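Here is a short briefing on one protein model. It covers the overall build, the charged pairs, the aromatic rings and the surface.

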Amino acid sequence: MARRMGQQDYDPRLYRRGIDMRSRVLVGLFCALAIAIGVYLAFAKQIPFTGAGYELHAVFQNPATVKPDSPVRIAGVNVGKVTSVQRDGDLAEVTFTVDDAGRPVHSDATVEVRPRLFLEGNFFLDLRTGSPSAPDLSSGATLPATQTSVAVQLDQVLTALQAPE
């Protein structure tokens with residue numbers, strides 16, 4: 001069979017004119033869903049359904065200086081952050097997280113509220129993990145007030161130096 005000039009064999013499997021409407025809608029929905037998930041993960045504080053991780057509680061006497069999102073440090077290295085502070089009279093329970101780099105935390109661990117910079121007003125929790133011979137604390141454990149301390153502030157020093165009247 002002779003082929004004429006300008007005439008081509010047409011095979012619909014090779015020269016498909018377009019994809020059907022259902023697949024276009026599915027591709028559009030998939031892209032919209034991917035963009036929505038990306039925007040959520042970009043602005044969310046944590047990944048959903050993962051939990052808070054390793055979390056501890058510490059009871060302080062008058063920690064007026066600790067606020068949520070304050071860092072938790074071990075030997076000057078950030079290993080977590082304060083998630084909440086609940087006051088109850090002169091006592092307050094501080095909930096904080098510790099990353100895997102700061103674990104294990106032992107039952108004789110101590111926590112101290114310390115200033116970040118002199119006269120700045122921001123504070124952090126200085127965590128000492130305790131001795132390796134003590135048992136490890138499980139997530140959700142509470143350090144009692146006997147294992148916590150609060151840094152002395154400048155106004156407390158000045159009021160202590162005043163002469164009695």
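In this predicted model, D100 and R103 form a salt bridge, with their closest N and O atoms 4.0 Å apart. The protein as a whole has 2 helices and 8 strands. The count of salt bridges comes to 5.

**Overall build**

- Read along the sequence, the elements follow the pattern α-β-β-β-β-β-β-β-β-α.
- The protein has 165 residues, and 25% of them count as buried.
- Among contacts with a separation of 6 or more, 61% are between residues 24 or more positions apart.
- The exposed area of the protein is about 12400 Å², and carbon and sulfur atoms supply 57% of it.

**The pair D100 and R103**

- D100 has a relative accessible area of 65%, and it counts as exposed because this is over 50%.
- R103 has a relative accessible area of 40% and is partly exposed.
- R103 also takes part in a second arrangement: its charged end sits over the ring of Y54, 4.0 Å from the ring centre.

**The pair D69 and K81**

- D69 forms a salt bridge with K81, and the closest N and O atoms are 3.6 Å apart.
- D69 lies in the loop between β1 (55–61) and β2 (71–74), while K81 lies in strand β3 (residues 77–88), so the salt bridge ties together parts that are 12 residues apart in sequence.
- D69 is exposed, at 53% relative accessibility.
- K81 is partly exposed, with a relative accessible area of 35%.

**The pair R128 and E112, and its network**

- R128 forms a salt bridge with E112, and their closest N and O atoms are 3.8 Å apart.
- R128 belongs to strand β6 (residues 123–128) and E112 to strand β5 (residues 110–115), so this pair ties together parts that are 16 residues apart in sequence.
- R128 is partly exposed, with a relative accessible area of 44%.
- E112 has a relative accessible area of 22%; it counts as partly exposed and not buried, because buried means under 20%.
- Salt bridges that share partners join E112 and R128 with R114 and D126 into one network.

**Aromatic rings**

- How many aromatic pairs does a search of the whole structure find? The search finds 0.
- Rings do take part in arrangements with charged side chains, one of them being R73 and F124.
- The charged end of R73 sits over the ring of F124, at 4.5 Å from the centre of that ring.
- The ring of Y54 has the charged end of R103 over it, as described above.

**Nonpolar surface**

- Which residues make the nonpolar surface patch of about 510 Å²? The patch is made by L33, I37, Y40, L41 and I47.
- I47, one of these residues, lies in the loop between α1 (21–43) and β1.
- I47 counts as exposed because its relative accessibility is 52% and the exposed class begins over 50%.

**Points to keep**

- D69 and K81 join a loop and a strand through a salt bridge, whereas R128 and E112 join two strands, β6 and β5.
- R103 appears in two places in this briefing: in the salt bridge with D100 and over the ring of Y54.
- I47 is part of the nonpolar patch and is an exposed loop residue.

Key:
Residues are numbered from 1 along each chain as its sequence is written. This is a predicted model: local features need pLDDT of at least 70, side-chain atom pairs count only at pLDDT 80 or more; totals for chains, interfaces and linings use all residues. Side-chain values use heavy atoms; hydrogens and water are left out. A salt bridge is a side-chain nitrogen of Lys or Arg within 4 Å of a carboxyl oxygen of Asp or Glu. Helices (H or I, at least four residues) and strands (E, at least two) are DSSP runs, numbered from the N terminus. Buried means under 20% relative accessible area, exposed over 50%, partly exposed in between (1.4 Å probe, protein chains only). Patches are made of residues with over 30% relative accessible area and no salt bridge: like charges are joined within 9 Å, nonpolar side chains (Val, Leu, Ile, Met, Phe, Trp, Tyr) within 5 Å. Accessible areas come from the Shrake-Rupley method with a 1.4 Å probe; for residues, only the protein chains shown count as cover. Rings of Phe, Tyr and Trp (its six-membered ring) pair if their centres lie within 6.5 Å; planes under 30 degrees apart count as stacked, over 60 as edge-to-face and the rest as tilted. A charge sits over a ring if NZ of Lys or CZ of Arg is within 6 Å of the ring centre and within 35 degrees of the ring normal. Contact means heavy atoms within 4.5 Å.
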